[in-house]
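Grab a pencil and let's work through a few exercises together. Take a look at the model first, then try each task before you read its solution.

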Amino acid sequence: MDKYGDQCRCSYCQAKATGEIAQEHRMINQLVQRLNEKQRRQFVGLLAKQYGHGGIEQMAVISGLHRATISRGQKELESAAQDDGRVRSRGGGRKLSEKKSPGY
């Protein structure tokens, strides 16, 4: 199991692992596990928006994602930016070794 386990950390699920709410939270987390990082933050951001006031905090507890990540997912969904199919934006990551040492 990766760091996004199917066990919710909300007080309801911790006290009662059965029931409709616990099952819903488990299904959310099982789906979150299967998504890439961009899809994950946008999906959880959408759910947080549907929960309304306090939705980001609630989804942070349910999914284990950080509040800033969920907020970023909401902003990505609201923006009219064209999806280029990339999970991460261009220019991120380590520089190529050829660029760091051009003489080799």
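**Exercise 1.** Which side chain meets that of E76 in a salt bridge?

Keep in mind that this is a predicted model. Step one: look for a partner across the chain, and you'll find R41, with N and O 2.9 Å apart. Step two: place the two residues. E76 sits in helix α5 and R41 in helix α3 (residues 37–51), 35 residues apart, so this pair links distant parts of the chain. Step three: check for further partners. R41, R72 and E76 turn out to be linked in a network of salt bridges.

**Exercise 2.** Is R41 buried or exposed?

Step one: the cut-off for buried is under 20% relative accessible area. Step two: R41 has 6%, so it is buried. Step three: compare its partner. E76 has 21% and therefore counts as partly exposed.

**Exercise 3.** Which residue of helix α5 forms a salt bridge with E57 of helix α4?

Step one: the partner is R67, and the closest N and O atoms are 3.6 Å apart. Step two: the two residues are 10 apart in sequence, so the bridge ties α5 to α4. Step three: on accessibility, R67 is partly exposed at 45%, and E57 is partly exposed at 41%.

**Exercise 4.** At what angle do helix α4 and helix α5 pack?

Step one: the angle is about 120 degrees, and the axes lie 9 Å apart. Step two: the crossing is right-handed. Step three: look at who makes the contact. Among them are I56 and M59 of α4, plus I70 and Q74 of α5. Sorted by type, the contact residues are 4 nonpolar, 3 polar and 2 charged.

Definitions and conventions:
Residues are numbered from 1 along each chain as its sequence is written. This is a predicted model: local features need pLDDT of at least 70, side-chain atom pairs count only at pLDDT 80 or more; totals for chains, interfaces and linings use all residues. Side-chain values use heavy atoms; hydrogens and water are left out. Axes are lines fitted to C-alpha atoms, for helices over the stretch in contact, and angles run from 0 to 180 degrees between N-to-C directions. Helices (H or I, at least four residues) and strands (E, at least two) are DSSP runs, numbered from the N terminus. A crossing is left-handed if the near helix is turned anticlockwise from the far one by less than a right angle, and right-handed if clockwise. Contact means heavy atoms within 4.5 Å. Ala, Val, Leu, Ile, Met, Phe, Trp, Tyr, Cys and Pro count as nonpolar, Asp, Glu, Lys and Arg as charged, and the others, Gly among them, as polar. A salt bridge is a side-chain nitrogen of Lys or Arg within 4 Å of a carboxyl oxygen of Asp or Glu. Buried means under 20% relative accessible area, exposed over 50%, partly exposed in between (1.4 Å probe, protein chains only).
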